[in-house]
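Trainee: I am new to this structure. Please take one part and look at it closely, then walk me outward from there.

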Amino acid sequence: LRGEQRVAAAFTGDGATSEGDFHEAVNLAAVWKLPVLFVIENNQYGLSTPTSEQYACRDLADRGLGYGIPGLVADGNDVLAVRRAVLHAAARARAGHGPTLLEFKTFRMRGHEEASGTDYVPKELVAEWAARDPLARFERLLEERGLLAPGTRADLRAELKARVDLLVDEALPLADPVSNAEAELADVYAPGGPAPVSPTAEALAAAPELRYVDAVRDALHVALARDTKVVLLGQDIAEYGGVFKCTEGFAAEFGKERVRNTPIIESGAVGCALGLALEGFRPMLEMQFGDFVTCGFNQIVNNLAKNHYRWGAPAGVVLRLPVGGGVGAGPFHSQNVESWFTSVAGLKVVAPATPFDAKGLLLAAFEDGNPVLFLEHKFLYRSSKGRVPAGHYTLPLGQARVARPGRDATVVTWGVGVSWALDAAGKLAAEGREVEVLDLRTLLPLDQEAILATARKTGKVLVLH
């Protein structure tokens, strides 16, 4: 996107190449001709499982043919062979020819981790690979070529050992790290976006009436126009404009670099969006239907959600999920998925009920700097209408609103449930019973104070899900 001559190298072991994530990533890079080196360290065992039980092909590099990219095999214990292979693949990537699958045959002399040991490895195999130690081989090569004088190797080892021992002696007496609950909780989320920019009462009164789907589309258009770092990803979102036409015309206006069709992948697309976020972009990924989010579940809950806590790096990704029934879409295209994610620390989950909120909360999600799952109920797309100011405005994430004040009881709800509750409250009002309707708007973080306040006020609470 930046037009730089940079190359990315993604490392994996032989075992992880069996994962679907690996396939989706390599396929996406191949289709988009991305400058990526997929480096496989084939060390013969996935923990204790030998490669003969992991895959049926002779070499993992053979898989490159299926992706339409080169697959190269090199001796991973030969420093110069590794260097030659990487230089070749990097030059190809920089020339715009796309990714290369690099398989380096090597061996792991110790356990997958310290506890597992290596008892499962035949002793003769250990001896065979020990003779091919890459450092010892390279040292011998340097000596044979007269580049390493006799005795120099021992002198260098002694010098480096002394330096390492000194650092260890300095580190061991230091006090153990300490932390507390407040510090740990503060690391779960990035600080969040700028203060909300609310529209004026005059702007709201003069605003045109839009359908929910048009408000979502307007928010995406404003985000793209305001910030060149905004990139939209998803299945069929470019020329086709998305299944629900939320991105119709965007590819022609903003270019296919910023409005990108992905293959039919979820996990790989979430990973791509995370990479963009780490590079300072503001990616939005549309799940064609919210139900498909299950195929990207691991990336969302184990990478997006935990990224800031683990590394201090914000993962500002917006995931738009068309959810819910009411449009005759069947059991695989009509689920409400919020309960799968509201217990995942590090995520934010937003479920607007009105066109006004949909635009303001979606623009706020782009600016928040944390991963936001943005739930758009499909039934509301063309049934819900309301005034939506033009241009840029944002609403606070994590703040509920009283959609209808009342005194006798409270209905706490969100999304399409708000319209149901307001309809019922209107009928009850005719009978002299005033029901308060609290629209949560954001499910994670949850506005507990607003819930407690309405509970204290009416004394009776019904949660409508």
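Mentor: Start at Leu47. Its relative accessibility is 35%, so Leu47 counts as partly exposed, because buried would need under 20% and exposed over 50%. This is a predicted model, so read each value as computed from that prediction. Leu47 sits in the loop between strand E3 (45–46) and strand E4 (49–50). Look at its backbone there. Leu47 has a positive phi of about 55°, although it is not a glycine. Most residues other than glycine have a negative phi.

Arg441 shares that feature. Its phi is near 65°, again positive in a residue other than glycine. Arg441 also belongs to a loop, the one between strand E17 (435–439) and E18. Its exposure is another matter. Arg441 has 7% relative accessibility, and it counts as buried because that value is under 20%.

Step on to Thr442. This residue is in strand E18, which covers residues 442–444. Thr442 has a relative accessible area of 0%, so it is buried. What does its side chain reach? It reaches the backbone nitrogen of Gly398, at 3.1 Å. Now leave aside residues up to four places away in sequence. Thr442 then touches Val349, Val350, Leu397, Gly398 and Gln399. Gly398 therefore appears twice in this picture, once in the 3.1 Å approach and once in the list of touching residues.

Follow the chain past E18. The peptide bond from Leu444 to Pro445 is cis, with omega near 0°. Most peptide bonds are trans. Pro445 lies in the loop between E18 and helix H17 (448–458).

Next, the sheets. One open sheet has four strands in the order E15-E17-E16-E19, and its pairing is mixed. Strand E15 (401–404) and strand E19 (461–463) are the edges, each pairing on one side only. On average, neighbouring strands here are turned by 30° against each other, direction ignored. Helix H16 (residues 416–429) packs on this sheet and touches E15, E16 and E17. The direction of H16 makes about 45° with that of E15. Now take one pair of strands. Strand E16 (residues 409–413) and E19 run parallel, joined by three bridges. Across that pair, Val411 stands opposite Leu462 in E19.

Another open sheet also has four strands. Its order is E1-E2-E6-E5, and the pairing is parallel. At the edges are strand E1 (8–13) and strand E5 (71–75), each with a partner on one side only. Neighbouring strands of this sheet are turned by 25° on average, direction ignored. Inside the order, strand E2 (residues 36–42) runs parallel to strand E6 (residues 100–105), and six bridges join them. Phe38 stands opposite Leu101 in E6. Helix H3 (residues 79–94) packs on the sheet, in touch with E2, E5 and E6. The direction of H3 makes about 175° with that of E6.

Now look for enclosed space. How many cavities of 30 Å³ or more are there? The count comes to two. The largest holds about 40 Å³. Its lining is made of Gln235, Thr262, Ile265, Glu266, Ala269, Leu285, Glu286, Met287 and Gln288.

Turn to Thr152. This residue lies in helix H6 (residues 152–171). Its relative accessible area is 24%, so Thr152 is partly exposed. Set Thr152 against Ala203. The two are 51 residues apart in sequence and 78 Å apart in space, C-alpha to C-alpha.

Last, step back to the whole protein. How many helices and strands does the protein have? There are 17 helices and 19 strands. The C-alpha atoms fill a box of roughly 100 × 55 × 40 Å along the principal axes. The protein has 465 residues, and buried ones make up 43% of them. Thr442 is buried, and Arg441 counts as buried as well. Now take contacts between residues at least 6 apart in sequence. Of these, 80% join residues at least 24 apart.

Definitions and conventions:
Residues are numbered from 1 along each chain as its sequence is written. This is a predicted model: local features need pLDDT of at least 70, side-chain atom pairs count only at pLDDT 80 or more; totals for chains, interfaces and linings use all residues. Side-chain values use heavy atoms; hydrogens and water are left out. Helices (H or I, at least four residues) and strands (E, at least two) are DSSP runs, numbered from the N terminus. Buried means under 20% relative accessible area, exposed over 50%, partly exposed in between (1.4 Å probe, protein chains only). A polar contact is a pair of N or O atoms within 3.5 Å; within protein, one must be able to donate a hydrogen and the other to accept it, and residues adjacent in sequence count only if both atoms are side-chain atoms. Contact means heavy atoms within 4.5 Å. Two strands pair if DSSP finds at least two bridges between them. Axes are lines fitted to C-alpha atoms, for helices over the stretch in contact, and angles run from 0 to 180 degrees between N-to-C directions. On a 1 Å grid over the protein atoms alone, a cavity is a set of points where a 1.4 Å probe fits but cannot get out, and a pocket is an open set with protein on both sides within 12 Å along at least five of seven lines; lining residues have an atom within 4 Å of a point. Grid points are joined across faces, edges and corners, and a volume is the space filled by probe spheres set on the points.
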